[in-house]
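Q: I have a model open beside its sequence, and I would like to learn how to read its sheet and its cysteines. Could we go through them one feature at a time?

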Amino acid sequence: MTKENVLHMKGGVGETSYAKNSSLQKKVIMKVKAILEENMILIMSNKSVKSCWKIADLGCSSGPNTLLFVSNIMNIIRKINMKLNNGKPVFQIYLNDVFENDFNTIFKLLPDFYQQEREKNVGECFINATPGNFYGRLFPNNYIDFFHSSYCLHWLSQAPKNLVKNEEPLNKGNIYLSKTSPPSVYEAYFKQFEKDFNYFLKSRYEELSLDGVMALTFIGRESHDKIISVQGIVGMVLNEMVQEGLVEKEKLDMFDFPAYHPTEEEVRQVIEAEGSFTLRIVKTFKIGWDANLQEDVTDYVVDSKMRGEFIAKYHRAVYEPILIASFGENVMDELFSRLAKMLVKLVEIETLEFTNIVLFLTKDH
């Protein structure tokens, strides 16, 4: 099985599915909505009038968040069109993710979504699925007016290949970057991110219309100084399970998590070196690992146990497919149960936050 086949969220609508455990990602989408509203009118004011907006959501995953973004962007564009006296637009929406993504969960939500949008009288909307890897071409040249991606571009197309020397893993005992990772491991991860993001930009440059816009949101980091990542904590749990004979040591040593959280400076560096886009706006904001928990459990007082379990549960929905591929399904319940317990202790002594980077880019001519 190739890594691409497991780089997707957990499908379905079960208790551990992404559809049921993505309220943090929803909070990020709503936070970015305010940034979109604030900045889209500045970008659209100088653009040609469009009767039909072709919009692509890259890495759409499954569940209601995708349609939340679609509704948000339709409303924003309609409001701006009204201010500019441009009339009511038509929307052609393309939902993209890897071939193994659970598109059916989205399709089942469409009848209600279409009805709601008709009642709001925002404009006609047509939604298609476009399966495929966004680290490559997906659309014809000069075709898409607005690209959006949320919480996807920190995922790599694969883990760095050169993390083994003389048949020994360079990042032994870790599944991701940590304080004990040597500089060569950091360099390998950045080089893979640089390669993937460069390919992403080149592909989108060909596909974006001449006056098109991209809005990208992903998890970054502030510096190398303090690295507390969920992947690192999962690695600690796996080490415990190796010591108890529940996981094979060789499997742990040879597993490298295919993600990278870049700094804002690294993102700028790749965009400027690639040279196809103008970086119009960069915004950063932090959000707690347990953000939105209080809104999900309004009838209870949130304690450390609930916080740890909440964080572990939504990361299971995100990480389980790739972890199953490397460690087997039979250890997943134990792994995430232990992860929750470790997080309960950690939330009491650490401020656990994601640094989010939001980019607006336009195509250079």
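Q: Is strand β4 mostly covered or uncovered, and how many of its residues are buried?
A: This is a predicted model, and in it strand β4, residues 144-150, is mostly covered, with 7 of its 7 residues buried.

Q: Which strands are joined to β4, and how do they run?
A: The general idea is that strands of a sheet pair through backbone hydrogen bonds, either parallel or antiparallel. Here strand β1 (residues 52-58) is joined to β4 by 3 bridges, and the two run parallel; strand β7 (residues 208-220) is joined to β4 by 6 bridges, again in parallel.

Q: Which residues should I look at to see these pairings?
A: Towards β1, you can find Asp-57 standing opposite His-148 of β4. Towards β7, Phe-146 has Val-213 as its bridge partner, while Ser-149 has Leu-216. As you follow the strands, keep in mind that in a regular strand the side chains alternate between the two faces of the sheet.

Q: What is the order of the strands in the sheet, and which stand at the edges?
A: The sheet is open and has 7 strands, in the order β3-β2-β1-β4-β7-β9-β8, with mixed pairing. At the edges stand β3 (125-131) and β8 (277-288), and each has a single partner strand, so one side of each is left without a neighbour in the sheet. From one strand to the next, the twist averages 15°.

Q: Which strands do helices α2 and α8 lie against, and at what angles do they run?
A: Helix α2, residues 65-83, packs on the sheet and touches β1, β2 (90-97), β3 and β4, its direction making about 150° with that of β1. Helix α8, residues 264-274, lies across β7, β8 and β9 (353-363), and it runs at about 160° to β8.

Q: How many disulfides does the structure hold, and why is there no bond at Cys-52?
A: The general idea is to look at the distance between sulfur atoms, because a pair of cysteines is counted as a disulfide when the sulfurs lie within 2.5 Å. The structure holds 0 disulfides: the cysteine sulfur closest to that of Cys-52 belongs to Cys-125 and is 9.9 Å away, which is too far for a bond.

Q: Are these two cysteines buried or exposed?
A: Cys-52 has a relative accessible area of 29% and is therefore partly exposed, whereas Cys-125, with a relative accessible area of 12%, is buried; the cut-off for buried is under 20%.

Notes. Residues numbered from 1 in each chain as written. Predicted model: local features only at pLDDT ≥ 70, side-chain atom pairs only at ≥ 80, totals over all residues. Heavy atoms only, no water. Buried < 20%, exposed > 50% of the residue type's maximum accessible area, 1.4 Å probe, protein only. Helix = DSSP H or I, 4+ residues; strand = E, 2+ residues; numbered from the N terminus. Pairing = 2+ DSSP bridges. Axes fitted to C-alpha atoms, helices over the stretch in contact; angles between N-to-C directions. Contact = heavy atoms within 4.5 Å.
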